[in-house]
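Take a walk through this protein with the model open beside you. The route starts at a pair of facing residues and works outward from there.

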Amino acid sequence: MRCTAHQVLNRPRANASSSNEAVHLQQRLRSLSTELVTLRNRLHVQGGQHSPTKGGPGATNTTSSQGSGKLNHSNAKQPHIPPRGNQYNPQVPAVVSTQKSIPASLIQPPQNTATAVIEDLIHLPGLLTEDAVMKCLQARFAANQFYTNVGPIILCVNPYRDVGNPLTLNSTRSLALSPQLNKVVQEAVRQQSETGYPQAIILSGTSGSGKSHASMLLLRQLFAVAGGGPETDAFKHLAAAFTVLRSLGSAKTLTNSESSRIGQFIEVQVTDGALYRTKIHCYFLDQTRVIRPLPGEKNYHIFYQMLAGLAAEERTKLNLDGHKPSTLKYLQQGDVRQDVAEDATRFQAWKTCLSVLGIPFLDVVRVLAAVLLLGNVQFSDGKGIEVDVRGETELNAVAALLGVSGAALFRGLTSRTHNARGQLVKSVCDANMSNMTRDCLAKALYCRTVATIVRRANSLKRLGSTLGTLSSDSNESVHNQAEVTSQQASTVGNSSSSGGSKSMVALNNAVRHATTDGFIGILDMFGFEDPKPAQLEHLCINLCAETMQHFYNTHIFKSSIESCRDEGVCCEVEVDYVDNVPCIDLISSLRTGLLSMLDVECSIRGTAESYIAKIKVQHKNNKRLFEQKSIDPRLFGIQHFAGKVVYDAADFLDTNKDVVPDDLVAVFYKQTCNFGFATHLFGSELKALYSVETVPRGVSFRISPTSHTDLLNGDEPVSTLTQDFHTRLDNLLRTLVHARPHFVRCICSNSQEGANRFDRGIVVRQIRSLQVLETVNLMAGGFPHRMRYKAFNSRYRLLAPFAELSRTEEKITDDCKTILQYATDLLAKKEAISAVSTSWAMGKRHIFLSEGIRQLLEKLRNETRQRAATLIQATWKGWRCRYRWTTLRRDKPAPDGVAAGKAAPSRTGATTGPRPRPQPIAGTPPPDMGEKCDAKIIQQTCNLFGLDLERPPPVPPSRSYTVTGNTKLGYPQTRVMKMSYPEDASGDGPVFYKGETVLVVGASQRRGHLIVEHKNHTLHVPFQFMELKPTLNI
């Protein structure tokens, strides 16, 4: 893999970075070289050497020399090549200066209006350099334009104008929406409605770059386009869910005061342009932060908000009287400063949103208060066998809050059951093990509470209904309701007072979309982080960021290059992108990856020192792994795509193997625990544990909740934290692979969250790590888009005259050429010279388009549709006016004299107007549209026939034969295609053409479909597309 130019230039400087003076000198040389490039470009522009105007020598020579390039032998047409071509210069040599100068990153240059109006970086004039991109972004930043396109990709620079905003749907309602984000949403809705293919809007960037802010704006615009706006019940329900989850899943870090510690994938099902249902998928939780926040950082927001917003009576009930962040051990390790008024306000909003979701407020705060008080329970080695307790008052308070006895909780924390060769042995834990079990319980309670709220938010039951509401009245009701909630499908917009028509619509939609896979997803995952020191959770977070970067590289760079190579299309633009697969393999390889080796080290009960020694031996030749020069042998470093990170492996093993023993889980069984919500948190584990008579029996469970089917009666080996994270990440990637991605790249403007401050050094590092320059180079001169011939013809055939198109499948390539030729001729007539390539090429199965020609085609298509719509409206309005004018003239009352003179002819039988239209025969009046069916009658009818409005009846099994006349024909059958299938052959799958003979091997599970095999391909084809092959009667 080729290296970028700035990597080559930085190689000789690697040795000089050991001292602070060398680093400072390197920054000064880089800033001075940037200023030199700027001055040189200004001189060239003034001298007219690179004039972009029509007829300039640069444009003429470039066009003539590159017009007959490598694309000609591949049936490529290139009407215009931009003057930049392959002149791709991300870096320039440094120039040494002895004069003192102010760093360019701290200077706010005057606004360049000529550059600020460029909304797409592919339209940048002149040479494509890093300095040109930076100047455009900085000029747009100064002009309050924070969103910039790179073709279909959006760059978002965070201005930090609203620091402290909780970033929920409600808190962002007053913020202005972005037209660039609105285009992304409209394009996703259009493609999903036209093709039914899932869409995914992926936000990526470092921590604090504004991903959560952009996701809320995207979700608002998605509701505005397809969901009916913010006044719908679905929007209010989702807004309440985000308000609750932001407090539970956000915390203050050194670089971000509203850092999301939970990755979220918001799945929105849109059907026929209307929002059908929403679902929130959460990935990974920073569990260690619950018990030990890093120095200078904070624990989760909800703890501080609860201490500030609880009333005096509530604090007494929760045993929190006299406590504040500085007196609670789980909070005092981090930053204890607090804005009491702001936290109290947010807590009241959080309390209100809990009631909207139907979750009892007191149940949740009882668990949260128990987590806080657990930190003040300390175990120490005593004189006897058992350990001593410091904070026995807090231990009894925690037991009372969780609905168990103090003695039972003490035994669960300080004793452990072991299975030694089939014999159960009871042992007493030492102080260290008891404290670790206490921390595991705190993390388990918090994680499972968040998971329970997420499940409740995804239920989307009718507002005002009690079904599925978590209650603490009884243990049995909680278990039953949780199972019902997890099994039932739900619909949006059905209230208890809704009429029968809406109920039937909901039932039809449930039947119609019971197996639908189409959705629009908004992915707000973790950003790259470099804390001091970095822990195991940060390694997982950075692995997720590396994976998302690889996903971007694959879809933007790799797929474009490989598609051109496979179909014989030659592209003159060579994109040198940095592949981060070696870093991903270093961390997550199956056997030799850092995480796999960590699991092995946990299984043999190794130490952090032995783990570091093994990875240094295994990866001694890996350039991505570097050794940190420090006294501590437990430190190691990784070169990520966004920079170097030093990790401290001191707590890696303990964090990775955190489990909850069954001795502690058994304490919350319903017969010994009178707090139903706490029993519900461990419901699956308790069900698996008590499926066998012997309890406890020496098994352990994960901190995060596990489904009952995965537990296998508690005999399955418990997975580690990294294995759990791998499973969730694989599920996410499996979802994204089947979706059409739309990318939004977020950038931090500075590292101090300063409003309206553009730090060039910070932005340049992100521009390089996100490979923005490589993306602009590909979009401006390469072939980033490809379409099937039939899909291209279907979308753009309205641009060419109707008579010039054959409109047959045999000549579909000729039609595509005609459309493209007509579009380029229109561009030539307008005499518009663009700095972007408008080239295209014909491949074996696809037509390859540059970003310039795609934008031109879309612009011409919109103009043509607009003219057609205007003509249709004008024609209809003209006819309507003429028709109404005749009626108005006939019905207009005439003057008295004229009426008297024309009264006589009417008596002789002459008529001046048309005959009156006969009235229809009176019959049964039509039903009143305003009349609604009784909801009780609908429910009684469903109960009578065993139906459920939430769950449609199953599809009956398919028959093993078909009927023709009075004859039953079994499988296999030989049939002939009446029409080509699929009609829109835009994908990479097989295509059955009209007239082909195919073999039907059976009936499909899809209604009205048959399983067809042809040329080693199997497809589910509707029976209307085929007919039985006629047999000859001899």
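Begin at Leu625, which stands opposite Ile638 in strand E16. The model is predicted, so treat every value here as computed from its atoms. Leu625 falls within strand E15, residues 625-626, and two bridges join E15 to E16. The strands E15 and E16 run antiparallel.

Now look to the other partner of E16. Six bridges join E16 to strand E17, residues 643-648, again in an antiparallel arrangement. His640 stands opposite Gly643 in E17. A hairpin makes the connection, and E16 passes to E17 through two residues.

How much of strand E16 is covered? Mostly: five of its six residues, in the run 635-640, are buried. In a regular strand, side chains alternate between the two faces of the sheet.

Ile638 leads on to the nonpolar interior. Ile638 is among the residues with the most contacts inside the largest nonpolar core, which has 198 residues. Leu219, Trp350, Tyr446, Tyr611, Phe636 and Phe652 share that listing. Which helix gives the most to this core? Helix H20, residues 536-566, does, with twelve residues. Domain 1 and domain 2 (536-657) both contribute residues, so the core lies between them. Domain 1 is assembled from several segments, including 295-461 and 659-719. In soluble globular proteins, nonpolar side chains tend to be buried together.

Zoom in on Leu219. Leaving aside residues up to four places away in sequence, Leu219 touches Leu169, Leu238, Phe242, Ile266, Val268 and Ile522. Another core lies apart from the largest one. This other core has 22 residues, among them Met787, Leu799, Met842 and Leu849.

Next, a helix with a covered side. In helix H15, residues 392-401, the buried residues are Glu394, Leu395, Ala397, Val398, Ala399 and Leu401. What do the buried residues of H15 pack against? They meet helix H11 (312-317), helix H14 (361-374), strand E11 (387-390) and helix H16 (406-414). Gly403 follows H15, and its phi is positive, near 75°.

Turn now to charge. The count comes to 30 salt bridges. One of them pairs Glu529 with Arg261, with the closest N and O atoms 2.5 Å apart. This pair links distant parts of the chain, 268 residues apart. Glu529 sits in the loop between strand E14 (520-524) and H20, while Arg261 sits in the loop between strand E7 (259-260) and strand E8 (262-271). Are these two residues buried or exposed? Glu529 is buried, and so is Arg261. Their bridge also belongs to a wider arrangement: Arg261, Asp286, Arg289, Glu297 and Glu529 are linked in a network of salt bridges.

A second bridge joins Glu601 to Lys614, with the closest N and O atoms 3.0 Å apart. Glu601 lies in helix H22 (residues 594-603) and Lys614 in helix H23 (residues 608-618), 13 residues apart. What is the setting of each partner? Glu601 is buried, with a relative accessible area of 3%. Buried means under 20%, so the 3% of Glu601 qualifies. Lys614 is partly exposed, with a relative accessible area of 37%.

A third bridge connects Glu809 and Lys790, with the closest N and O atoms 3.9 Å apart. Lys790 is in helix H32 (789-796), and Glu809 is in the loop between H32 and helix H33 (812-829), 19 residues apart. Glu809 counts as partly exposed at 40% relative accessibility. Lys790 is partly exposed too, with a relative accessible area of 26%.

What about the cysteines? A disulfide is a covalent bond between the sulfur atoms of two cysteines. How many disulfides does a search of the whole structure find? The search finds zero. Cys570 shows why: its sulfur is 7.4 Å from the closest cysteine sulfur, in Cys571, which is too far for a bond. Cys816, for its part, is buried, with a relative accessible area of 0%.

Finally, step back to the whole protein. There are 37 helices and 30 strands. Of the 1034 residues, 49% count as buried. Among contacts between residues at least 6 apart in sequence, 70% join residues at least 24 apart.

Definitions and conventions:
Residues are numbered from 1 along each chain as its sequence is written. This is a predicted model: local features need pLDDT of at least 70, side-chain atom pairs count only at pLDDT 80 or more; totals for chains, interfaces and linings use all residues. Side-chain values use heavy atoms; hydrogens and water are left out. A disulfide is a pair of cysteine sulfur atoms within 2.5 Å. Buried means under 20% relative accessible area, exposed over 50%, partly exposed in between (1.4 Å probe, protein chains only). A nonpolar core is a set of buried Ala, Val, Leu, Ile, Met, Phe, Trp, Tyr and Cys residues joined through side-chain atoms within 4.5 Å. Helices (H or I, at least four residues) and strands (E, at least two) are DSSP runs, numbered from the N terminus. Domain bounds come from an automatic or database domain assignment. Contact means heavy atoms within 4.5 Å. A salt bridge is a side-chain nitrogen of Lys or Arg within 4 Å of a carboxyl oxygen of Asp or Glu. Two strands pair if DSSP finds at least two bridges between them.
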